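Here is a friendly walk through one protein model. Keep the picture open while you read, and look up each part as it comes along.

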Amino acid sequence: MSRLEILRNSIWDIKSFDGVESGLWRILLADEAHNFTIMYPINDSKKEKRPILVDFDAFKHAISEHYIFKGSFKLPVYMLKDDSEISEQHIKIRDENYALIKELVDDQDLLIKLSTVRRVNSVGRHADKVGAGVRKIHRLLKQFYKYGQTRNALLPAYSACGGLGKTKIVKTTPLGSPKKARTLTVERTNNFIVTDVDKSKFRKILKKHYFKAHGKPLSDTYKEMLRTYYSDEIKMANALGSVPYVPSLRQLSYWKRKLFSDAESIRLTTTERDYLLNRRGVMGSASTKWSVPGDCFEIDATVADAHIVSEWSPNLILGRPTIYSIVDRASGAICGINVSLFYASWRAARQALANAFLPKVSYCKEFGIDIQDSDWPIHHIPLTLMCDNGEMIGLQPQKLVVPLTELQLSPPYRPDFKSFVENRFGLLNKELIHDLLGTTRGGKVVRGDKDPRKDAIYTLKDFTKLLINAVLELNRSKYDRLAESSPLLIKHNLTPNPINFWKINVLNHKHSLQIANESEVISRMYPPAKSTMTERGIEFNGLYYSCERVIKDNLAAIARTNGSWKLDARINENTTNYMYVRFNKNDDFVKCNLLPRSNMFESKPMYEVEVFQDWREQKDAETPITVESIDSSTMRKEKEKSAKATTPEKPAPFSQRVKNIRENRKNEINSTSNVIDDSRPTEPLSPESVAIDSAKKKTVFLPRRPKGK
């Protein structure tokens with residue numbers, strides 16, 4: 001409607017107009033042909049008003065001069081109902097009232113007379129005709145004109161009866177029904193009249209004891225109020241043997257609701273953090289602001305609700321591993337994970353970031369899972385990374401991650417800033433972890449339950465493999481929220497799951513992703529280490545690696561001849577099968593594979609090597625020397641002592657002692673060993689024995705290799 005259109009029942013706010021009171025006015029009749037307009041004031045004044053007639057052109061001119069503006073008027077709630085929602089009694093009253101004035105409101109000439117003539121006798125005659133009072137007719141006409149000249153304007157306004165929401169003023173007689181005894185043996189006291197002073201006491205005591213984090217119950221607060229403000233009355237009543245005249249618990253409960261709104265009660269009974277985390281209204285979603293893949297990734301860590309064991313022995317319980325997860329806000333897809341025995345730290349976080357930025361096919365293959373790139377096509381760097389105000393706030397994350405993406409730090413103790421990754425932790429617990437042997441079920445311990453560590457059977461590698469399968473399943477699960485996030489899924493008739501959402505948006509170039517450079521990710525994200533070039537290969541942590549560069553340049557021989565030297569390395573802590581080494585500071589990192597001499601550690605997490613080394617050091621500490629070696633040393637000392645005792649005090653000269661060693665050796669053999677006596681008669685030998693004996697005495701010469709070969 002144009003500003004200059006003056007229509008029937010329209011509302012206008014008059015600021016300045018000759019002969020017209022300022023305020024809101026309703027147009028009852030607009031006759032441009034006869035150049036007049038009839039208006040009715042709709043202010044809240046109880047004084048009876050009459051419609052007035054004004055010049056149409058003058059009214060129009062005042063609008064163009066901005067003396068009159070388009071106004072608005074809110075109709076009562078009882079008028080905004082359909083007939084099916086109105087009670088039959090109210091409809092009956094409405095129709096009866098309308099019947100009393102129907103003849104008048106249909107008469108346009110009467111409306112003109114009411115707005116121009118001081119006394120209109122026809123209204124009185126009509127009142128006598130219908131058998132109603134003149135004041136009632138005028139009241140119904142006022143109600144009809146004020147509320148839009150409709151039949152529902154005459155509905156009874158019972159919703160405004162009783163002073164709803166208004167504070168009652170009590171002087172001598174208490175409100176409500178009096179207290180009544182169940183029998184005649186007891187006489188109940190009068191109700192306590194709550195004054196403004198009592199209300200002030202209620203407010204103070206409630207704020208002090210009830211409306212606070214971990215506050216007292218209302219019953220205890222009531223007792224504190226009696227002790228604080230009404231102790232004299234209670235003491236006097238006790239001395240007189242009467243009932244004290246004090247407020248009741250019900251009155252305190254009633255005024256608690258009156259003095260404090262529901263919203264105020266919620267804020268006062270909890271801390272600011274708990275309110276923002278668990279009680280505030282959640283009318284928006286982070287996905288509405290971050291609407292396409294790559295706008296924002298969330299990263300967080302949690303301790304898994306399951307115990308694991310070592311691959312070396314099921315008797316070596318390693319405790320609960322730490323799970324790092326990275327989730328895309330727009331699609332809800334899990335972009336990367338890492339499971340390790342390190343606590344939440346930058347060392348574990350950087351491994352998860354590397355997993356998110358690099359392709360997943362080789363990563364899954366390390367755990368015996370064969371996938372296609374389309375099964376988990378996420379190997380990109382996001383526009384922003386939402387992370388904790390903890391391990392990611394240090395200098396190392398700022399130096400290594402910020403060149404790749406922007407870091408956003410969430411406030412302390414506000415996991416709702418990373419709601420998507422927190423939700424995925426809950427789903428992983430529900431779908432997988434809480435069903436495994438050795439699970440703690442989120443710390444829910446029932447007295448008498450078996451210690452979950454006794455049931456632990458999964459190794460770190462087994463647990464990671466199960467977790468990867470669960471992640472792949474979650475990325476394929478249907479989420480109705482995604483169907484409402486992008487019309488592309490409907491257009492291409494795709495199931496609303498994170499992977500489909502990711503693929504179709506990337507295919508249509510609706511994303512904020514950038515492809516990661518593999519060499520840059522390896523050098524920045526994988527944990528740095530120092531390895532040693534030795535004659536046996538590249539040594540790290542007791543493991544030996546090699547690559548084509550080592551064989552081509554014969555580096556092992558150089559290390560054997562000239563000595564070993566240090567090399568920069570990058571370690572993938574998920575596996576011992578390979579590591580990355582940089583031979584010169586200007587070269588890229590080269591992948592080096594595990595040598596056969598270290599095959600015992602093949603396909604094991606890097607942490608298992610440290611478990612083995614700890615076990616070996618423990619055994620060294622348990623048995624630094626054997627008990628048998630102690631006994632042997634004692635025996636040698638005793639033999640030495642006895643040998644020295646048999647040695648003459650003045651031995652022969654050394655030259656005489658070393659003279660005729662061969663003859664002395666032969667005499668010693670003859671004196672200490674059995675000697676065959678040739679003079680004894682012998683039995684005749686059989687032909688077979690003679691043949692064997694002659695064969696033994698025959699000398700056979702082996703062929704010699706020609707000289708020079």
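## Two asparagines with a positive phi

Let's begin with Asn9, which counts as partly exposed because its relative accessibility is 23%. This is a predicted model, so keep that in mind throughout. You'll find Asn9 in the segment before E1. Its phi is near 75°, a positive value in a residue other than glycine.

Now jump along the chain to Asn493, in the loop between helix H19 (487–491) and helix H20 (498–507). Phi of Asn493 is also positive, near 55°, and again the residue is not a glycine. Is Asn493 buried or exposed? With 72% relative accessibility, Asn493 counts as exposed.

## An open sheet with a helix across it

Next up is a sheet. Five strands build it, in the order E4-E3-E2-E1-E5, and the sheet is open with antiparallel pairing. At its edges sit strand E4 (52–55) and strand E5 (68–70), each of which pairs on one side only. If you ignore direction, neighbouring strands here are turned by 40° against each other on average.

Zoom in on one pair of neighbours. Strand E3 (residues 36–41) and E4 run antiparallel and are joined by four bridges. Which residue in E4 is the bridge partner of Ile38? That's Leu53. As a bit of background, side chains in a regular strand alternate between the two faces of the sheet.

There's a helix to add to this picture. Helix H1 (residues 56–64) lies across strand E1 (11–14), strand E2 (23–31), E3, E4 and E5. Its direction runs at about 75° to E4.

## Two helices that cross

Moving on, look for helix H4 (residues 121–130) and helix H5 (residues 134–146). Their axes come within 9 Å and cross at roughly 110°. Angles of 65 to 115 degrees count as roughly perpendicular, and so H4 and H5 are roughly perpendicular to each other.

Who meets whom? From H4 come Val123, Gly124, Ala127 and Val130, and from H5 come Val134, Ile137 and His138. Sorted by type, the residues of this contact are five nonpolar, two polar and no charged.

Stay in helix H5 for a moment to meet Gln143. Where does its side of the story lead: buried or exposed? Gln143 counts as buried, because its relative accessibility is 16% and the cut-off for buried is under 20%. Leaving out residues up to four places away in sequence, Gln143 touches Tyr78, Ala153, Leu154 and Leu155.

## A closed barrel

Further along the chain there's a barrel to trace. Six strands close it up, running E15-E16-E17-E20-E19-E18 with antiparallel pairing. Neighbouring strands are turned by 45° against each other on average, with direction ignored. Helix H23 (residues 555–562) packs on this sheet and touches strand E15 (528–534) and strand E18 (565–570). The direction of H23 makes about 75° with that of E15.

Strand E20 (residues 590–594) is a good one to follow, starting with its link to strand E17 (residues 543–546): the two pair in the antiparallel sense over two bridges. In E20, Leu594 is the bridge partner of Tyr545. E20 is also joined to strand E19 (residues 578–582), and here four bridges hold an antiparallel pair. Opposite Met579 you'll see Cys592 in E20.

## Looking for disulfides

Time for a quick search. A disulfide is a covalent bond between the sulfur atoms of two cysteines. How many disulfides does the model have? The count comes to zero.

Take Cys296 as an example: its nearest cysteine sulfur belongs to Cys387 and is 9.2 Å away, and Cys296 is in no disulfide. The cut-off for a disulfide is within 2.5 Å, so this pair doesn't qualify. Cys387 is in no disulfide either, and its nearest cysteine sulfur is that of Cys296.

What about their surroundings? Cys296 is buried, with a relative accessible area of 0%. Cys387 counts as buried too, because its relative accessibility is 0%.

Definitions and conventions. Residues are numbered from 1 along each chain as its sequence is written. This is a predicted model: local features need pLDDT of at least 70, side-chain atom pairs count only at pLDDT 80 or more; totals for chains, interfaces and linings use all residues. Side-chain values use heavy atoms; hydrogens and water are left out. Axes are lines fitted to C-alpha atoms, for helices over the stretch in contact, and angles run from 0 to 180 degrees between N-to-C directions. Angles under 35 degrees count as roughly parallel, over 145 as roughly antiparallel, 65 to 115 as roughly perpendicular and the rest as oblique. Contact means heavy atoms within 4.5 Å. Ala, Val, Leu, Ile, Met, Phe, Trp, Tyr, Cys and Pro count as nonpolar, Asp, Glu, Lys and Arg as charged, and the others, Gly among them, as polar. Two strands pair if DSSP finds at least two bridges between them. Buried means under 20% relative accessible area, exposed over 50%, partly exposed in between (1.4 Å probe, protein chains only).
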